[in-house]
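Biologist: Could you take me through one helix of this model in detail? I'd like to hear what sits on each side and what it packs against.

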Amino acid sequence: AAAIGMVLSRNAVHSALFLVVNFCTIAVFYLVLGSPLLFVVQIAVYAGAIMVLFVFVIMMLNLGEEGDARERGLLQPSIWAGPTVLSLLLFAELLYMISTIEGPVSTQAVSAKEVGLALFGPYVLAVEIAAMLLLAGLVGSFHLGRRYLEREE
């Protein structure tokens with residue numbers, strides 16, 4: 001329900017709040033599946049830090065009425081045909097995967113040490129690439145915001 005509210009909301013701040021609820025729901029799923037570390041990381045990183053960045057970008061852009069009109073144009077039914085088909089395909093694949101699972105996947109909690117060894121062992125290149133992409137996004141947003149502030153002064 002929170003994900004649907006996030007997508008269908010006409011206000012960007014309301015969408016961000018729905019996204020926080022969605023992130024918290026995902027965190028509870030991690031806790032129920034036996035991974036308290038991922039629960040804490042989901043709350044701290046996504047529901048906390050990432051959402052602060054989203055709200056900062058929303059405030060920095062300050063789109064006003066023009067942005068609201070553009071967002072209303074994106075809610076036309078014809079635009080949603082492609083994403084709807086892809087969502088239905090993904091949902092069908094999810095149902096297929098759930099129906100083929102036999103018994104519980106895991107009965108043990110994953111420790112922080114195991115996650116660290118996995119991330120900085122065989123997946124160290126993927127972690128470093130993700131870090132570089134985040135750094136590039138941070139530097140780019142700084143330069144875009146700086147130019148915008150220089151024009152206003």
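Modeller: Here's a walk along helix α2 and its contacts with helix α3. First, the ground rules: this is a predicted model, where local features need pLDDT of at least 70 and side-chain atom pairs count only at pLDDT 80 or more, while totals for chains, interfaces and linings use all residues. Residues are numbered from 1 along each chain as its sequence is written, and side-chain values use heavy atoms, with hydrogens and water left out.

Helix α2 covers residues 12-32; helices here are DSSP runs of H or I, at least four residues, numbered from the N terminus. With 21 residues, α2 reaches 30 Å from its first C-alpha to its last, close to the 30 Å expected at 1.5 Å a residue (the expected span is 1.5 Å times one less than the number of residues). Just after α2, glycine 34 takes a positive phi of about 90 degrees.

Now the sides. Ser15, Ala16, Leu19, Asn22, Phe23 and Ala27 of α2 are buried, where buried means under 20% relative accessible area, exposed over 50% and partly exposed in between, with a 1.4 Å probe and protein chains only. Down the axis of α2, its buried residues fall within an arc of 145 degrees, so they line one face of the helix; the arc is taken over directions from the helix axis to the C-beta atoms. Turned away from that buried side, the exposed Leu17 and Val32 sit on the other face of α2.

What does the buried side pack against? The largest nonpolar core has five residues: Ala16, Leu19, Phe23, Ala47 and Met51. Such a core is a set of buried Ala, Val, Leu, Ile, Met, Phe, Trp, Tyr and Cys residues joined through side-chain atoms within 4.5 Å. Both α2 and α3 supply at least two of its residues, and the largest share, three residues, comes from α2. Alanine 16 touches Met51, Val55 and Ile58, leaving aside residues up to four places away in sequence; contact means heavy atoms within 4.5 Å.

Then there's phenylalanine 23, buried at 13% relative accessibility. A search of the whole structure turns up one aromatic pair: phenylalanine 23 with tyrosine 46, tilted, 5.5 Å centre to centre and 50 degrees between the planes. Rings of Phe, Tyr and Trp (its six-membered ring) pair if their centres lie within 6.5 Å; planes under 30 degrees apart count as stacked, over 60 as edge-to-face and the rest as tilted. The partners are 23 residues apart, tyrosine 46 being in α3, and tyrosine 46 is partly exposed at 37%.
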